[in-house]
Every structure is written in C-alpha cells, then in structure tokens.
Amino acid sequence: MTREKIQEHITNQNPKSHMLKDPKDKLANLLNSKSPTRVFTETNHSQGEAPALSRNPGSPTIQLIEKQQGTKILFRKFSETNWSVDIQPLNKSLVTDSKWKRIDATQEKRRSFLQEFCKKYGGVSRPQSHVFHMVSRIYVEDKHKILYCEVPKAGCSNWKRILMVLNGLAPSAYNISHDAVHYGKHLKKLDSFDLKGIYSRLNTYTKAVFVRDPMERLVSAFRDKFEHPNSYYHPVFGKAIIKKYRPNACEEALNNGSGVKFREFIHYLLDSHRPVGMDIHWEKVSKLCYPCLIHYDFVGKFETLEEDANYFLQLIGAPKELKFPNFKDRHSSDKRTNAQVVGQYLKDLTRTERQLIYDFYYLDYLMFNYTTPFL
C-alpha cells in the first residue's frame, strides 16, 4: 500500500479531523461526532465468547426488556441525563499506610487531568452510542461495589483474576488459569443488567479503568495474536490481512493466515475498508470505555500497574493479603513489550505510517496524558 493510499484511507475514516488546522477543533470534532459509534460484533469472539445478543432498539432483546415495568421511563431518563464529568472524592478511610501518599497524589493528577480534558474538549450532554454497548466492556463486582472497564493488553487478565477472588470464586489469583479467566463466564458485565441496574451501579460504584501507552499496547497485541499460534486470529484476521495486503502471497499463507507481518497489520488497522472489523485488543480506549461519558473514579496505568492496582485494592477494602499478581499471563518466555521493543517494530514503517498510527490513537494519547512518540 502506497503512502498516498494510506493517507486516503485515514482521511476517509474521519475526513473532518484531517481538514482541521486547530488541534482543539480536531478534538472537539472527534468527541462530539453526531454519527453513531460503530458496533463491531467481531470483538465478542476475541476471547472465545459467543456473539452478543443484538442490542439494537428494534431487536427482540430490547423489545423484551422494554416490556418490563418502568423500563421505558428509565431509558428515557438515562438518555436525557446530563453525563456529568465531575469526579467524586475517593473514600480513603480504609487507607492507613502513609506509603500510598505518592501514588494517591499521582492518581489525583490523572483524574483531574482527564476531567479537565473532557470539560474542555468534550461538551457531551448525552451519549451518541447505545447504552448497552457503552457499558459492554465493564465488569461488575457487587460485594465491593466495583466497576472495572476492560482494556486488553493493559493488565486485564490479572484484573479479572482479582475480581474472581473478590467475588469469592477463587482463594488466590495465582492459581486461576488463562482459560478460566477468559472462557469461564464467571464474571458479570454491566450490560447483563437491566437499565435500572446499570444506572444505579454507574452512580454508586467505584469505577476504574487501567490504560497503557497506545503504541506499546498495539505492538503487544500484534505479538500476542500474530506471532504465536492462534486458532481464532490467524484464520479470521490473518487470512484476510494477507489476502488484501500481501502481493503474490503463497497458497500456504492464504490458507492458514499465519505469518502476518507488522506492516501488513498496520495497513489493515489504518484501512477504512478493513476486510475484517476492529477488535478489542487494538480498539481505542475512548471507544472501549467512553471516559468522557462515564466518569472513572480511578485511572490506573500499565506502566505503574502493580502499585496502582494495590493502592486501588486498599481503597475498596479488599482483604489485606490480596495483592495484584505480577506474572505475565501468556508467552512468559517472551520479553515484555516496552519502548525498546516498540522501536524495533516501528523501524519497519515509514514516517508517514508512524504518524498515521499516532493520529489513529490521538484521543487516547491526549486523554491519558501520554507523551507524543518520537516519529
């Protein structure tokens, strides 16, 4: 794919954002887009899950829900509510150790930064996407009143282990297998509740999101899904990517989808006419967790994952002996994806391609105050 073609694809994806000269206008355009957010049903397969039931307003599922007493009124109330981005003070009465002061100060800065960002650039008074889709990545732990928005490749597997322990489903986070975490169906998601249940939990539970530098997260996802055998990503994504972006691909590659190159993956990511849809492992956090519509009480980062997570556990009154696991969930012999590893992958791309990746994750970089990468 030529440089001009890539630029054309990105421009087609969001033509207005590339026409704007002022970054403030670009942000406002991205955040206040009147067009509905695309719902990619492919993401529901990514952890081996069955496709989610349709949540479209005219579907049998929604018709059934709306027959429940008072649900139509609740839906109207939910849709018309001003989605305040004001943040509430965290309850720190359970934190007695002074060692957390530094982490607490960092946390307050992150929350304030996100709040001010959304106030300045958001201006959003009501959600443009369907309520059930907006909360479909949020896990619920009722005992400790936690809502955790899942961001893949940012410690989500170990967070699910923690939620299972808090739920009383396992005695320790260290003896829960990868399959039990992702295929066990032990944890509840917020979209499994009716509108009243969703609304009350959003307003009363402690909401947490953990994020990661977008480039690192992207490279980590590629390494995990395409550089190791995978019975889902190779035949579904790999075959389609090789067919469209590799000239004169051999028969074996076309048949099994293995051996996708990073540059081919990037061409797929930047293509507004992707042969397959998006996937949660490289979807933007702004589209997974809606951080300017759902005001998160706690913003953790993968770069300081253990200390952030253990401080959060103190805040919600978790058992003293429960600590966030520090092991690598899969491919433990591989070097962790860091800035140096990312640099090696970016060498295969042109400067224009690197710039377009940054443009793609523009909101995530700015919302969570990540340093602009050297391109």
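## Exercises on a predicted chain

Buried residues account for 53% of the 375 residues in the chain. The model is a predicted one, so keep that in mind as you work through the exercises below.

### Exercise 1: The chain as a whole

Task: Describe the secondary structure, the spread of contacts and the accessible surface of the chain.

Solution. Start with the secondary structure: the chain has 19 helices and five strands. Next, take the contacts between residues at least 6 apart in sequence; of these, 74% join residues at least 24 apart. Finally, turn to the surface. Its accessible area is about 18200 Å², and carbon and sulfur atoms hold 52% of that.

### Exercise 2: Two nonpolar cores

Task: Find which residues have the most contacts inside the largest nonpolar core, and follow one of them outward.

Solution. The largest nonpolar core has 69 residues, and Phe265, Tyr268 and Trp282 have the most contacts inside it. Let us pick Tyr268. Beyond its neighbours within four places in sequence, Tyr268 is in contact with Phe237, Ile241 and Tyr245, and also with Arg274, Pro275, Val276, Gly277, Met278, Asp279 and Trp282. A separate, second core has 33 residues, among them Cys156, Ala170, Phe302 and Phe312.

Now look at the helix that carries Tyr268. Helix α14 spans residues 262-269, and seven of its eight residues are buried. The buried ones are Phe262, Glu264, Phe265, Ile266, His267, Tyr268 and Leu269. Two of these, Phe265 and Tyr268, appeared above among the residues with the most contacts in the largest core.

### Exercise 3: A cavity and its lining

Task: How much space lies in the second largest cavity, and which residues line it?

Solution. Begin with the principle: rolling a probe the size of a water molecule over the atoms shows where empty space is left. In this structure there are three cavities of 30 Å³ or more. The second largest holds about 50 Å³ of space. Its lining consists of Trp100, Asn310, Leu313, Gln314, Ala318, Pro319, Lys320, Leu322 and Lys323. Sort these by class and you get five nonpolar, two polar and two charged residues.

One lining residue deserves a further step. Asn310 sits in helix α16 (residues 305-315). Its relative accessibility is 15%, so Asn310 counts as buried, the cut-off being under 20%. Setting aside neighbours within four places in sequence, Asn310 is in contact with Trp100, Lys323 and Phe324. Trp100 and Lys323 also belong to the cavity lining.

### Exercise 4: Two buried helix residues

Task: Why do Leu288 and Val181 count as buried, and what does each touch?

Solution. Take Leu288 to begin with. Leu288 lies in helix α15 (residues 285-288). Leu288 counts as buried because its relative accessibility is 4%. Its contacts, leaving aside neighbours within four places in sequence, are Met134, Arg137, Cys149, Glu150, Val151, Pro152, Arg217, Ile280 and Glu283. For Cys149 there is a distance to check: the C-alpha atoms of Leu288 and Cys149 are 7.9 Å apart, while 139 residues separate the two in sequence.

Then move to Val181, which belongs to helix α9 (residues 178-183). Val181 is buried because its relative accessible area is 8%. Not counting residues up to four places away in sequence, Val181 touches Ser157, Lys160, Arg161, Met164 and Ile176. Along the chain, Val181 and Leu163 are 18 residues apart, and their C-alpha atoms are separated by 9.9 Å.

### Exercise 5: Positive phi and outer positions

Task: Work out where Asn248, Asn369 and Asp348 lie, and sort each as buried, partly exposed or exposed.

Solution. Asn248 is in the loop between α12 (233-245) and α13 (251-256). Its phi is near 55°, a positive value in a residue other than glycine. The relative accessible area of Asn248 is 82%, so this residue is exposed, the threshold being over 50%.

Asn369 is found in the segment after α19 (362-367). Asn369 has a positive phi too, about 60°, although it is not a glycine. With a relative accessible area of 49%, Asn369 is partly exposed.

Asp348 is placed in the loop between α17 (339-346) and α18 (351-360). Its relative accessibility is 49%, so Asp348 counts as partly exposed. As a last step, locate Lys261: Asp348 and Lys261 are 87 residues apart in sequence, with 9.6 Å between their C-alpha atoms.

Key. Residues numbered from 1 in each chain as written. Predicted model: local features only at pLDDT ≥ 70, side-chain atom pairs only at ≥ 80, totals over all residues. Heavy atoms only, no water. Helix = DSSP H or I, 4+ residues; strand = E, 2+ residues; numbered from the N terminus. Buried < 20%, exposed > 50% of the residue type's maximum accessible area, 1.4 Å probe, protein only. Contact = heavy atoms within 4.5 Å. Areas by Shrake-Rupley, 256 points an atom, 1.4 Å probe, with all protein chains shown as cover. 1 Å grid on protein atoms, 1.4 Å probe; cavity = no way out; pocket = protein on both sides within 12 Å on 5 of 7 lines; lining within 4 Å. Points joined across faces, edges and corners; volume = space filled by probe spheres on them. Nonpolar A, V, L, I, M, F, W, Y, C, P; charged D, E, K, R; others polar. Core = buried A, V, L, I, M, F, W, Y, C linked by side-chain atoms within 4.5 Å.
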